[in-house]
Amino acid sequence: MNRIEVKDLNVYFGDAHILKNINTEIPKNTVTALIGPSGCGKSTFLRTINRMNDLIPSFRKEGDIILDEEDIYSPKYDVASLRKKVGMVFQKPNPFPKSIFENVAYGLKVHGIDDKDFLHQQVEESLKAAALWGEVEDKLDNSAMSLSGGQQQRLCIARTIANNPEVILMDEPCSALDPISTTKIEDLIHKLKNDYTIIIVTHNMQQATRVSKYTSFFLNGEIIESNLTDKLFIEPKVKKTEEYITGRFG
Amino acid sequence: MQKNNFTEFLIEKGLFLTAIFSIIMILIIILFILIEGFPAIQEYGFLNFIFGMNWAPSEGEFGVFPMIIGSICVTLLSLLMAVPLSLLCAIFMAEVAPNNVKKFLKPTIETLSGIPSVVYGFFGLIVLVPIMRETFGGTGFSMFTASLILTVMVLPTIISISQDALKAVPNEYREASLGLGATSWQTIKNIIFPAALPGIITAIILGMGRAIGETLAVIMVAGNVALVPNSIFSPLRTLTSNIALEIGYATGIHHNALFGTAIVLFLIIIILLLVANYMQHKYKIDAGSGYL
């Protein structure tokens, strides 16, 4: 069963043609990795799925993105509820300059939940799911800014989980982190994949092989090859893919 | 290398001298005001001077209390109107307005700050005062009229500085909030505005400084009666007006009393700055970090 279907997607920023004829399907409750050299459109693709690109005035797209059989770009689709359903973790950890508790509760609060007990319970569960609870349980009122980079990124994941999303988009979530924090995030991704559909952009081939079941290789705005991660890395069908994963360019 | 080091030395000392120069100039001015004003305060008595209700130089009465109240009232009333107006305007310009609207709004608001105060005063005298007279009765010269003029005068200061503060909020916060499904307004209210608060407080302080220091435009529309105002439609006299109106002919102790007025104004501004500094500090801590 496919959670997300992308049909003939073309994305433009002004005159620049960023994504060209993307056709792909993202299966439910698995991890899909997007790899490819910088500037190939991976992040743009990711940000098209939760309509973050709408913030850029020159953004224009053709084609459809179907989430659970609904066109997310249809005029009657509510962007706020889409972004609740499709959470996003950014490249640089970006907690709000608020307390740890407030960071996790923020998504729930903006969606109208103000029951204190429920908020506390959700915050605790989300922090546990993000493997951060043990480190912060006695300092929930401290500023999120006092956490380390790796903790901040797990807080951002907890914040996303608290919204009870179906899909989590991760845009190079480990690129600003040290190896130990990276391992923690990767373990976390393994834990989350049973409950969430995860799409992760990464520059790190090893990371793609470690965390993902499917991989799509992007080049110059096109998907060159999509396959099970094991197959794509062991016997790539396209020459360009082979050249990229063996490090001959990129 | 030698030459380079020497240039570095010159630049460093040169910068130090320019910094010191402006500080020395300010100190000289303060000293001058203190020396000129002190005899009046000494002779009339500090408490009498500050809390005296009667300003009658010809009778040797120098109580500046009505002017203190006048300055504070007119400043607060104008901030009461200017702060909401300019913050909403700044939020609109920084967060909501499309680029072509911004291109039109920004120079318009900057022009406002370039208009000389005598022009504002003249506009107030010719246009506002008659309107006030017909609408609310009395002479039309009042605290309210002066506050309206001051409101327009402080708008550009508060708008442009708080707009800069809003723009300085990292885009990551915006994306994080929107990415969690918050609406634009929720994002502005819950994330952007609190993060920009220290800068916004600075904007309000600078606006307040402009309002309390403005003299000419206020003289032209405030009525300048040296009495404590009993409503917002009463005429009043501010501390700065008091100096400007009488310095031309004042001699002896009267002359010193006007410098005493300047000392009082100076003290009020220092108190306001301390309060503002404290608030800025407090909200910075609340915001969680010192990133701004």
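Select chain A to begin the tour, and colour its residues by burial: of the 250 residues in this chain, 55% count as buried. Keep in mind as you look around that the model is predicted.

With chain A still selected, switch to a cartoon view, in which you can look for 10 helices and 10 strands. Showing the C-alpha atoms alone gives you the outline of the chain, since they fill a box of roughly 55 × 45 × 35 Å along the principal axes. A compact globule with 250 residues would have a radius of gyration near 18 Å, and because chain A has 18 Å, the two values agree. If you then display the contacts in chain A with a separation of 6 or more, you will find that residues 24 or more positions apart account for 68% of them.

Next, add chain B and turn the view towards the place where the two chains meet, where 24 residues of chain A are in contact with 19 residues of chain B. The area buried between chain A and chain B is about 1,800 Å², and carbon and sulfur atoms give 61% of that area.

Now select Arg47(A) together with Glu175(B): these residues form a salt bridge, in which the closest N and O atoms are 2.4 Å apart. Across the interface of chain A and chain B there are two salt bridges, and seven residue pairs are counted in polar contact between these chains.

Finally, select α2 (79-85), β6 (86-89), α3 (100-110) and α6 (149-162) of chain A, the elements that each give two or more residues to the side touching chain B. Coloured by class, that side of chain A shows 11 nonpolar, seven polar and six charged residues.

How values were computed:
Residues numbered from 1 in each chain as written. Chains lettered and ligands numbered in written order. Predicted model: local features only at pLDDT ≥ 70, side-chain atom pairs only at ≥ 80, totals over all residues. Heavy atoms only, no water. Contact = heavy atoms within 4.5 Å. Buried area = accessible area lost by both parts, 1.4 Å probe. Salt bridge = Lys/Arg side-chain N within 4 Å of Asp/Glu carboxyl O. Polar contact = N/O pair within 3.5 Å; in protein donor to acceptor, adjacent residues only side chain to side chain. Helix = DSSP H or I, 4+ residues; strand = E, 2+ residues; numbered from the N terminus. Nonpolar A, V, L, I, M, F, W, Y, C, P; charged D, E, K, R; others polar. Rg over C-alpha atoms; globule rule 2.2 N^0.38 Å. Buried < 20%, exposed > 50% of the residue type's maximum accessible area, 1.4 Å probe, protein only.
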